[in-house]
Amino acid sequence: MTLLVIAPGSDETAVRFAGFALRQGVPAVVSAGFGRVGVSVHATRDRACSTRLTLDGAEVSGVLNRGVGDWGEESDPDRSFAAAETYAAFWSAVALWPGPVVNRPSERGFFARLDPLEQAGTGLVEPPRTVVLNDGSAPGNDVYRIPEWTAMAPEAPRSRFDVVQIADRDPARSHRFVVAGAGVFDVGAAGGEPSGKTADLVAPIAGWLRRRGMGFADFTVEFEAEVVRLTDVSCWPSHHLFPHLEDRIYTALLSELTP
Amino acid sequence: MILCLGAAADPTFTAGLRGLRRAGIPFRPVDLPSLAMRGKIRIPLDSPADTVLSLDGESHRLGDFGAIWCRLVEIAFAAPTPELAAASAGQTEALARILEFVPLKVMNPPLREASGFTKLLHAVALGEVGGWQIPATCLTTDPEEALDFVRGCRTGAIFKGVSATKTWATVFEPPHESRLPRLAHLPVLFQERIIGPDVRVHVVGDQSFGELIDSPVLDYRTVRGVNDYRPLEVPREIAEGCTRLTGHCRVPLLGVDFKIERATGQWVFLEANSMPCFEGYDERAGGAISRAIAEWLAEA
């Protein structure tokens, strides 16, 4: 039994999870490329697929998908092509592989697009108070330049060519949660357990993430009386977010991958 | 009134505009490079209809339009300065996001059909929806497996990249065998070669417009002046599958590619493009595709 963690070696959370798995007696290897990792997908005319994922020639038993890194930034055309092909090959192979996968790629994306606006459309949560603009201002102190998503100081001078997203967030009302396998963890709570009422309020969000195949994700909400405002969702929870819950979260992931 | 978002230099975008003009449907075009250079955008995520695009003294609120025709082609790479490239890329990303959520008819929401980036999953998943056969396919890092697959293809095999990055399908020939060890570090998509004409079906809502293309070369798009193009009435079961596909992908416009196997008459699905360059097909079809696009947009 060997787990494959699809992630670049610079992904500390992936490396720490692999180390945890190994300490539990489950070998896990972090890789974002081929060589040691092999794929084989055969599709018949009737679309019947048989898929193998291997590590050093042996079958992989489970996959945690953290992505292959920021391949879109590669400037050399050959490297860029190889990176795009690697990304697409992992995407098809892991999507069609029948074994257990946390954050399985699908038709909806290598990672499913997780936009708070979609969940807001169900009426179960409110959308973020966020404006995207390239001129003028908007309320809020949380400023990112798009498309590179670099944080900017709110008072920093901006050129008219800067497209920015300005979010009006209330840190006092913000709560951050991690979905890991079957668990939902309140990273602000000492034991990580959401209180009964909180658990009920965020259950629809966790359910939505799981329906999208996202078994390892984090999200931020603001509670305003009975209103839940979903401000952010991510498929790349970092271990910095949950230092006191690391073992519990990795245990939950391992349970998904070693049923 | 239809809001049209695209680039004036994109012939497909302008073909859509001409279709609207011929149909007498009022529209307001916004040239996206101009918007990036000297326009303003303001997108309140909690109220997508209140998104405002301002250019040359005019402001356009998305919610004031009946529908949106958009082609957010990638133009940042051609920008003359890094600042303009960033402005264009940021604008495109922001518009693509909000066009998913505006309470209007949009042809096509740019982010809906994601699987086109990975050809094998795309063919398997969309072929399932259409109920169509696909070419027997092998994606592998194993040189021996690739060779076995190729040798098992009675009519020969082709190979190409698995991603959306442009690669031309190439017939696999004996000299290629020496390169197979490279697969260990980067897999390649191998497919059985389907011998027969190509078919492009443009689907607009529930209408299908077919064209049969007979070409002396493997990929008809690589040559000019030698292909034989003929209008083709799309068989009912294929057209029904195409309509299911637009519903499944939640986009009203698709360019769907098939091969018809000459020996058996079997239709084999290749791929569906949610941003098809339809203008050449439209011209040969007497404007039928752009007319259907205009009608779909006007049915607000």
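This passage walks through a sheet in chain B and the contact between chains A and B, as they appear in a predicted model.

We can begin with chain B, where 4 strands line up in the order S2-S1-S6-S7 to form an open sheet. The pairing within this sheet is parallel. Strand S2 (27–31) and strand S7 (105–107) of chain B lie at the edges, each pairing on one side only. From one strand to the next, the twist averages 15 degrees. Towards the S7 edge, strand S6 (residues 67–70) of chain B joins S7(B) through 3 bridges in the parallel sense. Here B:Trp69 stands opposite B:Met107 of S7(B). The sheet also has a helix packed on it: helix H8 (residues 288–298) of chain B, which touches strand S1 (2–6), S6 and S7 of chain B. The direction of H8(B) makes about 160 degrees with that of S7(B).

Turning to the meeting of the two chains, 47 residues of chain A are in contact with 47 residues of chain B. On the chain A side, the elements that contribute two or more residues are strand S3 (37–43), helix H2 (77–96) and strand S8 (130–133) of chain A. H2(A) supplies the largest share of that side, with 13 residues. Sorted by class, the side of chain A that touches chain B holds 25 nonpolar, 12 polar and 10 charged residues.

Strand pairing also links the two chains. S8(A) pairs with strand S3 (residues 40–44) of chain B in the antiparallel sense, over 3 bridges. Within this pairing, A:Val132 has B:Ile43 of S3(B) as its bridge partner.

How values were computed: Residues numbered from 1 in each chain as written. Chains lettered and ligands numbered in written order. Predicted model: local features only at pLDDT ≥ 70, side-chain atom pairs only at ≥ 80, totals over all residues. Pairing = 2+ DSSP bridges. Axes fitted to C-alpha atoms, helices over the stretch in contact; angles between N-to-C directions. Contact = placed C-beta atoms within 7 Å. Nonpolar A, V, L, I, M, F, W, Y, C, P; charged D, E, K, R; others polar.
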